[in-house]
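Colleague: Please take a close look at the first helix of this model and what it packs against. A plain account is enough, built up one step at a time.

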Amino acid sequence: MENAGQKTMPNDEQEIRELVATWLSASKAGDTEKVLSLMDDEVVFLVTGQPPMRGKAAFAEAQAALGDVDLDATCDIQEIKVFGEWAYVWNKLTVVMTLKKGGAPVKRAGHTLSILRKQNGAWLMFRDANMLAPVSE
């Protein structure tokens, strides 16, 4: 019995790592539908200086506004903790946005803290606090 309990946590952690990787690759590919499938219906995003972005529709609208931007992001997971059907993941995130028409890339970096909820066997983004700041090189 003890081994079964220990085995569950690494599986959950691996599933969360896969969610993060899928989110990044789908974002880079501009696959908003895939990113939306990784979110809870009650998702809320907190971004410095902006009102909370509530729900998938608000996220999709924000993504549509970035249609002329190539996005490249890298993530270094700092910590994952699982508590039954809930988990959090703390990431160090770097995002580079470049206009498709050309222009200087804009780089932002910092930390994110995401709360995930497991529904029907799948981890979904429930809350996300994004503390990225502009990076000058």
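Modeller: A residue counts as buried when its relative accessible area is under 20%, and as exposed when that area is over 50%. The model is a predicted one. Start with D12, which lies in helix α1. The relative accessible area of D12 is 6%, so D12 is buried. Leaving aside residues up to four places away in sequence, D12 is in contact with V82, K118 and W123.

Now take I16. With residues up to four places away in sequence again left out, I16 touches I80, V82, A87, V89, L116 and W123. V82 and W123 are thus contacts of both D12 and I16.

I16 also has a place in the largest nonpolar core. That core has 20 residues, and I16, W23 and M39 are those that touch the most other members. Two or more of its residues come from each of α1, α2 (32–36), β1, β3, β4 and β6. Helix α1 gives the largest share, five residues. Another core, of five residues, lies apart from this one, and its members include L71, A73, V95 and L132.

The strands named so far belong to a sheet, which is the next thing to trace. The sheet is open and has six strands, in the order β2-β1-β6-β5-β4-β3, with mixed pairing. At its edges stand β2 (53–54) and β3; each has a single partner strand, so one side of each is left without a neighbour in the sheet. In a regular strand, side chains alternate between the two faces of the sheet.

Follow the sheet inward from β3. Strands β3 and β4 run antiparallel and are joined by 14 bridges. One pair to look for is T74 and its bridge partner in β4, T94. The two strands form a hairpin with two residues between them, and G84 in the turn has a positive phi of about 70°. On to β5: β4 and β5 also run antiparallel, with twelve bridges between them. Here N91 stands opposite T112 in β5. The hairpin of β4 and β5 has six residues between the strands, and G102 takes a positive phi near 110°.

The helix takes part in the pockets too. The largest pocket holds about 850 Å³ of space. It is lined by 30 residues, of which F59, Q63, L93, N130 and L132 are the closest to its centre. The elements that each give two or more residues to this lining are α1 (2–29), β1 (39–47), α3 (55–64), β3 (69–83), β4 (86–99), β5 (106–119) and β6 (122–134). By class, the lining consists of 21 nonpolar, seven polar and two charged residues. L132 therefore does not stand alone in one list: it is among the residues closest to the centre of the largest pocket, and L132 is also a member of the five-residue core.

The second largest pocket has about 180 Å³ of space. Its lining is made up of S27, K28, A29, G30, T32, Q63, L66, G67, V69, D70, L71 and K100. Two elements, α1 and β3, give two or more residues to it. Four of the lining residues are nonpolar, five are polar and three are charged.

To put the helix together: α1 holds the buried D12, gives five residues to the largest nonpolar core, and contributes to the linings of the largest pocket and the second largest pocket.

Definitions and conventions: Residues are numbered from 1 along each chain as its sequence is written. This is a predicted model: local features need pLDDT of at least 70, side-chain atom pairs count only at pLDDT 80 or more; totals for chains, interfaces and linings use all residues. Side-chain values use heavy atoms; hydrogens and water are left out. On a 1 Å grid over the protein atoms alone, a cavity is a set of points where a 1.4 Å probe fits but cannot get out, and a pocket is an open set with protein on both sides within 12 Å along at least five of seven lines; lining residues have an atom within 4 Å of a point. Grid points are joined across faces, edges and corners, and a volume is the space filled by probe spheres set on the points. Helices (H or I, at least four residues) and strands (E, at least two) are DSSP runs, numbered from the N terminus. Ala, Val, Leu, Ile, Met, Phe, Trp, Tyr, Cys and Pro count as nonpolar, Asp, Glu, Lys and Arg as charged, and the others, Gly among them, as polar. Two strands pair if DSSP finds at least two bridges between them. A nonpolar core is a set of buried Ala, Val, Leu, Ile, Met, Phe, Trp, Tyr and Cys residues joined through side-chain atoms within 4.5 Å. Buried means under 20% relative accessible area, exposed over 50%, partly exposed in between (1.4 Å probe, protein chains only). Contact means heavy atoms within 4.5 Å.
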